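Q: I would like to take a close look at a single part of this model and understand how it is put together. Please go through it slowly, with a word on how far the prediction can be trusted.

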Amino acid sequence: MFETFYPILFLVLFATFLAFMLVAFSIILGRRTSLGKKFQAYECGITPEGSTKDPVPIKFFQVAILFLLFDIEVIFLYPWAIVSRQLGWFGFIEMLVFIVILLVGYFYVLGRGALKWD
Amino acid sequence: MIWPIASAELLPLFSYLYELLESTGLPQPWLAVVVYTFLAALVFGVLSLLALFLVWWERKIAAHIQQRFGPMRHGWHGWYQTIMDAVKLLQKEDIRVATRDKTVFFWAPVVCFVAAFLAYVTIPFGEGLIVADLNIGILYIMAVTTFTVISLLMAGWGSNNKYALLGGMRSAAQVVSYEVPMVASILVVVLFVGSLSMVDIVQAQAGGIWNWYIFRLPYGPIAFCTYIIAATAEANRTPFDIPEAEQELVAGFNVEYSGMKFAMFFLAEFVNAFTVSAIAVILFFGGWHGALLPSWMWFLGKTFGIVLLLMLFRWTYPRLRVDQLMEFSWKFLVPVTFANIIIAAWFKYAGWYW
Amino acid sequence: MLEVDGGIVFWILSFVILVSGFMVVSLKNVFHCALALVLCLFTVAGLYILLDAEFLAAAQVLIYVGSVAILLIFEVMLTSKLADKRITQSNDQALVGFFICTLFAVAAYLLIKFNTIWYPLAKSALPSDNILTIGKYLMTEFMLPFEVVSILLVAALIGAIALARTEKS
């Protein structure tokens, strides 16, 4: 029954159209002066120094990987949550094994200090 | 191809509108297009009004907490202050940094704006007042909120500004860290409902206030607490608003945006706060159920209550540092939510739930 | 137009997927490639919805767009200094490459067309509630892969920590 999803398509189109209209309003009604240092990047009033393409710290990347793995885990738990009514204790043990194995991984990550944001 | 409005159950909100339009004799696909566009416009209208009201309300609450009055000039207690602000922002100049990445700089606020409103396809504002009751309702909303993260990263990168980039990445890292506890807290409620559809979740709490999930101890309150903390962090509100605070990192990822683009980010933030409160009400507070008053009044009232809670958080707690924020999520919330899932599953299988 | 379930929406989505997929490999700015990938993955979720696999569509957006694409964008930002505009690509052997690719495409098309049994599944044969069915099969028939997935995720966790920590030690 994919027909229930059509309103999403229309909402996306309408929202994008509205966003374009708003930006167009801003461009039409706003002033357009090009004096001074207005078009430089903002750095609390001083001229910008240093490159903007310096690599960022690796801890961001680490957080993203951790998030990916835990997100996949939670997504796997959703079908279990829906059918848990019919499963009984067997389903509980299964899910428990799943989460316990992942908690082992989590405690390893914790112990290695990867969750420390310095 | 059969367009779907053949059966009015798919659109509980506007079956009579459909009948009205059908009597005018439009051919089938165009009829569907008209109804859907009208629904989209209606969702936008309602949400814009709510967002305008929320901005005004936030300023009044903030002011009264700080023992001052807030906006008082435009109308009674400044009620149309926000409209004036919107008009002002509309005619501000759209300053564009010379070294920006043109495509990315333009599309970031558009993506944020669209993503904020996309969640309202499945939020029931009352009994039968839902645009489309998808059978993956709550998971769809979680999926749509991930687009906000992408827009944050786009805004940070497109501005070509070190502070914007760092602010955008910190903001994205924060939202992403708090998404795991949020999705896991929702899992607890879905476990007991047995369905992802929003209407089913609300109907499972029918029949009295003690059926609401927040009162089902011990997993209900724990799930609510973890959800509301994670949701505050997801909406980038204090005490978690390091990435976009005015004093830190000069407003973070949206430092280079002005005029209507900034207004789009700002509006999207308030709409996100409302979304998060609406989901909390649906999951934990019984949705639209309540005595005497019409269902949409109950829903709006409860949602404004949760929004009030979020505003109280903002104006009473100090800001958390970035490392405190991240460690709190990964070291405290994630184990607590997983333990909560196990406890809730135990309760369910042992039959101790009521 | 061919009668496909979903009609014109299917053709529009397929067009967007192909164009954005092509943009992923051909744009000069790596960040734009990552964004084109986001669009591609999102429209694939749209195709899943047309196939009535709604849970899969939601999981696709949540995991692929919400985690993998964000990981890729972080990685682009991490290595942006290396992706300088001065690194040029050479296209001397474009003609040979085009010829070989066409050969592979034709071979793959013929293999798939004549080795697959194409019969459309009647809509009534599909389960009505796909997430319930996924859960049921995941918990009973495919229980072992389900548990092995958790071990795989732990292995990925350990690998990720080892990968990102080598510079410290």
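Which pattern does chain A follow when it is read along the sequence?

A: The structure shown is a predicted model, and in it chain A, read along the sequence, follows the pattern α-α-α. That agrees with the count of elements, since chain A has three helices and zero strands. Of the 118 residues of chain A, 39% count as buried.

Chain A also touches chain B, and this contact takes 56 residues from chain A and 66 residues from chain B. On the side of chain A that touches chain B, the elements that give two or more residues are helix H1 (6-29), helix H2 (59-87) and helix H3 (89-111) of chain A. The largest share of that side comes from H1(A), which gives 17 residues. When the residues of this side of chain A are divided by character, 40 are nonpolar, eight are polar and eight are charged.

As for trust in the partner, chain B has an average pLDDT of 82, and 88% of its residues score at least 70. Within chain B, confidence is highest in helix H7 (residues 179-193), at a mean of 92, and lowest in helix H1 (residues 15-22) of chain B, at 67. Over residues 1-11 of chain B the pLDDT stays under 50, although the model has 19 contacts beyond four places in sequence for this stretch. Where pLDDT is low, the predicted coordinates should not be read in detail.

Note on methods
Residues numbered from 1 in each chain as written. Chains lettered and ligands numbered in written order. Predicted model: local features only at pLDDT ≥ 70, side-chain atom pairs only at ≥ 80, totals over all residues. pLDDT = per-residue confidence, 0-100. Helix = DSSP H or I, 4+ residues; strand = E, 2+ residues; numbered from the N terminus. Contact = placed C-beta atoms within 7 Å. Buried ≥ 20, exposed ≤ 12 C-beta atoms within 10 Å, placed from the backbone. Nonpolar A, V, L, I, M, F, W, Y, C, P; charged D, E, K, R; others polar.
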